[in-house]
Amino acid sequence: MGPLQGLSIEIMNQERIVLIAAILIFGAAAFGLPGFLTAANLIAIVRSIAVLGILALGMSVVIIGRGIDLSMVAVMAMSVAWYLQLLGDAMPDSSAFALVVGGVLAIGLVNGFLIAYAEVPAIFVTLASSSFVFGYVRSQLIPSDAVPVPDGHWVEILGGVRYFGVPVEVYLFIVLAVMVFLFLRFTKWGRYVYYAGDNPVAARNIGIPVRPMLVLRYMLSALTAFIAGLLTAASLHSINTRVVNSTLLYDIVLVAVIGGIGLSGGKGGVRNVLVGAALIGIMLNAMTIIDIPLLYQNLIKSTILLAAIIVDGLLNPRDEQTAQQGDI
Amino acid sequence: MKPIKTLMAAAALAAAAFTAVPASAQDDPAPAQYAAALKDKRVLMVPMAMGFDLAQGWAAILKHEVEAFGGSFETRDPNWSVEAGAQAITEAISSDPKPDVLIVMSPDLNSYSKLMKRAQKEGIYVLLIDNPANFKADAYLGSDWTELGRLEARAVIDGCSESASKKIGLVQGDQVNATSLFQYAGIMDVLKDHPDFEVVAKPDSNWDATTSRNVTTTMLQQHPDLCGIIDFWDGDATGAAAAIRDAGMQDQVFLVTTGGGEKTADCDRIADGTYGAVVMTELAQESYNMVTIIKYLLQSGQAPGTSSPYIYTLLHATTKDNLRPDSCWDLKALQAMAGN
């Protein structure tokens, strides 16, 4: 972090540092790794982070509102597993879909309600609901870890959809990114997310419906998780609930935080998610091409997360007046 | 504790021998001895998780058999958590009454070694299944993973026979699980006799299908002339298969993997061309081997840890050419048999 000291903080915010790092790694890989700078590989990079990016979009809206949703991966895997199981048990598609979407929204609602009205810290509520969702669905609703997509079902067809050789999840990622961008940037409710995240008490005092909006954000993140799960199943033709035990949840937080969305809330936007996702995508792809073992990949990834959090702490110091309530 | 038990067992055997002598042909004492040795015995299985086909298959057959001889069969589900598995074993050791036989699927070479030794000291027979560990179990029942790797390598060599390219890629599991390490060793063992074949990449999937898909996508782009891939588990090979399908290379890349031989996971995928070959475990045979060893140990009178045989299950590579209707087993049918 040497150059940091010489530059003023306004110029070198975390997003720019990460962007520069991403460009540097991209340049080095393009120069040093044969086959990196091809259209197919670039599409593969974007695709490999599309699902992660979609999850990070949902997470970032929650984080900007000064919260965190640790139940996203559980909701993603278990909702889709339940949906596929219902289909496997010959339930009509429309009722199965409605039932599962209802369930997903209910989880978001309960998360939001407990955080907004019972004032339980988000980290505990969503950690608990994550375990609950996994445990309940896995033990009561599905018999195995892996649930296959029924043959010829639209989810399977979705996975094969390509426009100009680009998989459908890339387009969905772009569409969702634009939608979240427009929401956060240009709608009244989107601006309220920042106010509520920056200073919930003040936001409430000026008449913003802070609590109902908080509930809404957790419902949105749950819904985003469901979409990400559908895309995963579309590509793999099955969903494996083991993903709940993986590092995916930390990767989502990593993408959001590394791009410069402060965990203290009120800061950042879609651009930060894109920058964070780009760095992770380029890095993982380059490390795979070089054939670095997974253990080292995790080490490198976690070192970067640690560095990002330290830089975040230096550049976005917590506001002493507001850092008390609802802080994670 | 131990000598007393041994003495009692010896006395029981001696008594049995005495009563056996005057028995007439109509009065075979063996069923009574068999029943006495096996009745009310507790068998507890702690796999890595109960949520996958092999564990559910083992459990179905074991439950059916153990309950048939009057014992009780239970499972614990650590759900892939090493700590939860360790806790389940610890609880089993200190429970009252203790299980008589503990069946453990170890997540790696070392994690449970000490715990399993303690279980043996407490008079519990410990069977190690599917995953080898650094521990002298009362029997290891499962695959010879090095041989399994050899079979995979031979299958991929066969699959590549008509291809001009001799490049293959490996999607390994991880770098701690014995199944992954031994598979790799077996593959390399065969490939050293085939110097024309080259392993161009060997990423880890960490047993995750999405990771497997991403690394395979990269591998196919880096080496568009790849002729074969070995993915180390059918649980994540769906990802490698998706990458091959997305690249439109199903006809070019021969995908080999290994699995428990469950119908929807393996045979259906061989039939539809997703997998070129699957090296399968004969699940039913493996489970009945466990049953045999349990029956033997409970009647043997020997102290736990006395002997540690390896009961390897016969492995074979199944391809479209040798696929038969009975090549795979059906989880639903097995569970129906066990009544659960």
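This passage walks through a predicted model, starting with how chain B is divided and ending with the core.

Chain B comes in two parts. The domain assignment gives domain 1, made of residues 2–144 + 283–314, and domain 2, covering 145–281. Their C-alpha centres lie 34 Å apart. Even so, the two parts do touch: 15 residues of domain 1 of chain B are in contact with 14 residues of domain 2 of chain B. On the domain 1 side, helix H3 and helix H11 (283–300) of chain B are the elements that give two or more residues. H3(B) provides the largest share there, with three residues. By kind, that side of domain 1 splits into seven nonpolar, four polar and four charged residues.

H3(B) also turns up in a local motif. Strand E1 (residues 42–46) of chain B, helix H3 (residues 53–68) of chain B and strand E2(B) make up a right-handed β-α-β unit. The two strands of chain B, E1 and E2 (residues 72–75), pair in the parallel sense, with four bridges between them. Within this part of the chain, Arg42(B) sits opposite Ser72(B) in E2(B).

Next comes the meeting of the two chains. Here 28 residues of chain B are in contact with 29 residues of chain A. On the chain B side, helix H8 (209–222) and helix H9 (234–246) each supply at least two residues. H8(B) gives the largest share of that side, nine residues. As for the make-up of the chain B side, eight of its residues are nonpolar, 14 are polar and six are charged.

That leaves the core. In soluble globular proteins, nonpolar side chains tend to be buried together. In this model, the largest nonpolar core holds 203 residues, and the members that touch the most others are Leu55(A), Val75(A), Ile252(A) and Leu127(B). Helix H3 of chain A (residues 39–64) contributes 16 residues to this core, the largest share. Domain 1 and domain 2 of chain B both give residues to the core as well, so it lies between them.

Leu55(A) offers a closer look at one of these well-connected members. Leaving aside residues up to four places away in sequence, Leu55(A) touches Met72(A), Met76(A), Thr224(A), Ala225(A), Ala228(A) and Ile252(A). The last of these, Ile252(A), is itself among the core residues that touch the most other members.

How values were computed:
Residues numbered from 1 in each chain as written. Chains lettered and ligands numbered in written order. Predicted model: local features only at pLDDT ≥ 70, side-chain atom pairs only at ≥ 80, totals over all residues. Core = buried A, V, L, I, M, F, W, Y, C linked by C-beta atoms within 7 Å. Buried ≥ 20, exposed ≤ 12 C-beta atoms within 10 Å, placed from the backbone. Domains from an automatic or database assignment. Contact = placed C-beta atoms within 7 Å. Nonpolar A, V, L, I, M, F, W, Y, C, P; charged D, E, K, R; others polar. Pairing = 2+ DSSP bridges. Right-handed = clockwise from strand over helix to strand, strands pointing away.
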